[in-house]
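Colleague: Please take me through this model one question at a time, and give me the cut-off behind each term when it first comes up.

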Amino acid sequence: MKKIFIPALVLCVIGVTAFVKDPSKQSELKPELPYEGDYDPIVVLELFTSQGCSSCPAADLLLNEVKQNSKEEVITLSYHVDYWNYIGWEDPFSAPQYSKKQQLYNQKFRSRSNYTPQMVVNGREHFVGSNKSKLLSKIATYKKLPAMNAVSLKSVKRVGGKINLGYKVSGDISNKNVKAVLVLDERSTQVKRGENRNRTLINSNIVVFERIETLESPQGSMTIEIPKHIRANEKVALVLLIENDNYDITGAAKATL
């Protein structure tokens, strides 16, 4: 398979507008709903957040609440961006590739800048991540939309510092990518500086690794390495996503390790 690795290069220039917290005046690209599919609905929530942002803890708690209440019905992912690190606290889970991922989404949504907390649903629309009523409404909507792909995971094993997995994808795979996401269940951090200084933050659903490959066959396998900062006793999960060239998520599956 042709492999596409997200580069971990620091963004050279991030404008002042990248730190906007209130996107209410920004234009949104409305999703074309509904879409036709043949498989069970999926709901994937991607929250862009930061330990350096005072508005983010409420969204972090909301995402975890959804996780606890929805069990396996909703897949929750938390991406920690790096552009808030400049104010004095370096988020230990932040990475420039997650800021770049958010930037690509916002180019798609025709939004002028990145902001936190930002919630993205199935790669198709976005809103402020702490807006509970809107989040619950969108979850209800997407639970009724049939997915374009179905994903089954098999032979998922954690062996030492690596995870081996196999997968099978049903449905049209043309112009699609397969994305393996490693998720840390939870960790507590004492924040000593920045907007959340002197607070103990409990983050959950934390994305700690992401790998993308072009989907050239309905069946395949991957081996991914577990980052060294993940402790042996910490609970992690593997999420496999199928997405098209427009970053719409068309299929998803999850396995707890």
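Colleague: Does C56 count as buried or exposed?
Modeller: This is a predicted model in which residues are numbered from 1 along each chain as its sequence is written, and side-chain values use heavy atoms, with hydrogens and water left out. Local features need pLDDT of at least 70 and side-chain atom pairs count only at pLDDT 80 or more, whereas totals for chains, interfaces and linings use all residues. Buried means under 20% relative accessible area, exposed over 50%, and partly exposed in between, with a 1.4 Å probe and protein chains only. Because the relative accessibility of C56 is 0%, the class that applies is buried.

Colleague: How many disulfides does the structure hold?
Modeller: C53 has a relative accessible area of 0% and is therefore buried, but a disulfide asks for a pair of cysteine sulfur atoms within 2.5 Å. On that criterion, the number of disulfides in the structure is zero.

Colleague: Which element gives the most residues to the largest nonpolar core?
Modeller: A nonpolar core is a set of buried Ala, Val, Leu, Ile, Met, Phe, Trp, Tyr and Cys residues joined through side-chain atoms within 4.5 Å, while the elements are DSSP runs numbered from the N terminus, helices being H or I over at least four residues and strands E over at least two. The largest core has 24 residues, of which V44, L77, Y79, V181, V239 and L241 touch the most other members. Two or more residues come from each of β2 (44-49), β3 (75-80), α2 (96-108), β8 (176-191), β11 (236-244) and β12 (249-256). With three residues, the element that gives the most is β3.

Colleague: How many residues does the second, separate core have?
Modeller: It helps to start from L77, whose contacts (heavy atoms within 4.5 Å), not counting residues up to four places away in sequence, are V44, L45, E46, L47, L63, V181, V183, N205, V207, V239 and L241. The second core is separate and includes A180, I206, V208 and L238; its number of residues is 23.

Colleague: In the hairpin of β4 and β5, which residue takes a positive phi?
Modeller: Two strands pair if DSSP finds at least two bridges between them, and here four bridges join β4 (residues 118-121) to β5 (residues 125-128), the two running antiparallel. V121 of the hairpin stands opposite E125 in β5. Three residues lie between the strands, and the one with a positive phi, near 55°, is N122.

Colleague: Within what arc do the buried residues of α3 fall?
Modeller: An α-helix has 3.6 residues a turn, so residues three or four places apart point the same way. The buried residues of α3 pack against β2, α1 (56-70), β4 and β5. In this helix (residues 132-142), L135, K138, I139 and Y142 are buried. They line one face of α3, because seen down its axis (directions from the axis to the C-beta atoms) they fall within an arc of 105°.

Colleague: Is the pair of Y105 and F109 stacked or edge-to-face?
Modeller: Rings of Phe, Tyr and Trp (its six-membered ring) pair if their centres lie within 6.5 Å; planes under 30 degrees apart count as stacked, over 60 as edge-to-face and the rest as tilted. The structure holds six aromatic pairs. For Y105 and F109 the centres are 5.7 Å apart and the planes at 10°, so this pair is stacked.

Colleague: How many residues apart are Y105 and Y247?
Modeller: Y105 is buried at 2% relative accessible area, whereas Y247, at 28%, counts as partly exposed. Both belong to one aromatic cluster with F48, Y79, Y98 and F109. F109 is buried at 0%, and Y105 and Y247 form an edge-to-face pair, 6.3 Å centre to centre with 80° between the planes. This pair links distant parts of the chain, with Y105 in α2 and Y247 in the loop between β11 and β12, and the separation in residues is 142.

Colleague: How far apart in space are G129 and A59, C-alpha to C-alpha?
Modeller: G129 lies in the loop between β5 and α3 and is buried, with a relative accessible area of 0%. Leaving aside neighbours within four places in sequence, G129 is in contact with L47, A59, L62, P117, Q118 and M119. G129 and A59 are 70 residues apart in sequence, yet their C-alpha to C-alpha distance is 5.2 Å.
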